[in-house]
Amino acid sequence: MYFLVSGRRGAHFLRAHSRKLWLAAGVFLLLAAAGGWGAVSFLRQPSESVPAEPASQEDSSVLTVPIIMYHGIREEEQNRYLVSKERFEEDLQYLRQQGYTTILLSELVEYAKDPSKAPEKPIMLTFDDGYWDNYLNAYPLLRKYGCKAVMSPIAKEAQEAESESQRNIRWSQCRWEELSDMCRSGLVELENHSYDLHSIQGGVQGAARIPGETEEAYRSRLTDDLKKANQLFQMHTGRTPQAFVYPYGAVSEGSRELLKELGFEAAMDCEEKINVIHSSEDLFSLHRFLRPPELSSAHFFERILKT
Ligand SMILES: [Zn+2]
């Protein structure tokens with residue numbers, strides 16, 4: 001499940017065990033099935049039966065790229081969305097030992113156009129929601145190992161972090177200066193995770209179309225929000241995001257076309273599959289594996305990377 005509840009400043013908690021949210025997800029899935037509002041790709045569970053494919057580039061016209069999804073990097077009580085610093089470092093060491101090259105989203109866009117430019121074993125590491133621990137704990141390790149990462153902060157929460165007086169690693173978000181500091185290193189790129197669509201309440205499921213919402217209203221709502229986020233990223237980092245990262249992995253029919261109209265070149269969901277990219281069109285359904293905290297690096301990566 002993919003329940004990162006985005007609350008107000010100072011109240012941003014990871015609620016992986018909330019029964020209410022599980023219930024809400026059930027209701028949502030029923031609505032999705034009954035309402036016929038499109039191809040909803042939502043709330044996928046990790047599965048041992050996911051067909052893995054070789055991650056090395058055997059066919060020069062095809063790009064095979066696993067994408068890993070992290071959230072918080074810190075110690076905490078049991079929580080599926082928190083990976084310890086030590087575990088994350090173990091991941092980076094493992095990938096280096098196995099000959100993987102971490103890539104940015106902008107590089108993936110280029111490699112999709114010309115797979116011959118891609119490294120032999122590319123992999124993308126992504127961090128959702130912009131937690132302060134990404135800056136405090138993950139970024140120093142990225143620097144230590146020269147690894148790249150794609151971070152997708154919630155723009156409104158980055159804004160609100162600016163005025164937060166008492167910051168705490170357990171709930172605070174990165175501020176713009178911290179985000180831009182990471183970008184300047186060349187190791188981190190920021191992608192759009194919405195300005196303020198990161199919620200699952202009142203019929204809203206992230207950036208998915210709300211049941212009963214007209215197409216026009218949906219397009220207008222999504223356009224306004226994503227443009228607002230893009231402007232903030234451009235203003236603070238000098239780069240406009242190339243990808244949209246669907247909050248909760250909730251994808252609606254029609255959103256792909258709208259993302260293209262808005263200038264995006266890629267979109268990421270939470271479906272746990274290796275990406276086999278034949279053309280740039282495939283970049284609009286990039287899948288990602290949630291990194292569970294309890295597995296060793298070898299166990300996790302071997303499960304998803306090997307045939
Ligand atoms: Zn998120």
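Helices here are DSSP runs of H or I with at least four residues, strands are runs of E with at least two, and both are numbered from the N terminus. Residue numbers start from 1 along each chain as its sequence is written. You're looking at a predicted model, where local features need pLDDT of at least 70, side-chain atom pairs count only at pLDDT 80 or more, and totals for chains, interfaces and linings use all residues.

**The whole chain**

Colour by secondary structure and you'll find 9 helices and 12 strands in the protein chain. Of its 307 residues, 43% are buried. Buried means that 20 or more other C-beta atoms lie within 10 Å of the residue's own, exposed means 12 or fewer, and partly exposed is in between, with C-beta atoms placed from the backbone. Two residues are in contact if their C-beta atoms, placed the same way from the backbone, lie within 7 Å. Among contacts between residues at least 6 apart in sequence, 70% join residues at least 24 apart.

**Stop 1: the loop after strand 8**

Select Asp196, in the loop between strand 8 (188-190) and helix 7 (215-237). Is Asp196 buried or partly exposed? It is partly exposed, because 15 other C-beta atoms lie within 10 Å. Leave aside neighbours within four places in sequence, and Asp196 is in contact with Lys156 and Asp225. Now add Glu157: its C-alpha atom is 8.2 Å from that of Asp196, though the two are 39 residues apart along the chain.

Stay in this loop between strand 8 and helix 7 and pick Ser194. Ser194 counts as buried because it has 23 C-beta neighbours inside 10 Å. Check the backbone too: phi of Ser194 is near 85°, a positive value in a residue other than glycine. Most residues other than glycine have a negative phi.

**Stop 2: Tyr248**

Next, jump to the loop between strand 9 (243-245) and helix 8 (255-261), where Tyr248 lies. Its phi is also positive, near 60°. Tyr248 is buried, with 24 other C-beta atoms within 10 Å.

**Stop 3: the nonpolar core**

A nonpolar core is a set of buried Ala, Val, Leu, Ile, Met, Phe, Trp, Tyr and Cys residues joined through C-beta atoms within 7 Å. Which members of the largest one touch the most other members? Select Tyr246, Ala266 and Ala267, out of 72 residues in that core. Centre on Ala267: beyond its neighbours within four places in sequence, its contacts include Phe244, Tyr246, Leu259, Phe284 and Leu286. Arg256 and Ser285 are also among them.

**Stop 4: helix 2 and its partners**

Show helix 2 (residues 85-97) with helix 9 (residues 297-305): they pack at an angle of about 55°, with axes 9 Å apart. Axes are lines fitted to C-alpha atoms, for helices over the stretch in contact, and angles run from 0 to 180 degrees between N-to-C directions. Helix 2 and helix 9 are therefore oblique to each other; angles under 35 degrees count as roughly parallel, over 145 as roughly antiparallel, 65 to 115 as roughly perpendicular and the rest as oblique. Put Glu90, Asp91 and Tyr94 of helix 2 and Ser297, Ala298 and Phe301 of helix 9 in sticks, as these make the contact.

Finally, swap helix 9 for helix 4 (residues 132-145), whose axis comes within 10 Å of that of helix 2 and crosses it at roughly 25°. Helix 2 and helix 4 are therefore roughly parallel to each other. On helix 2, select Lys85, Phe88, Glu89, Leu92 and Arg96; on helix 4, select Asn137, Ala138, Leu141 and Tyr145.
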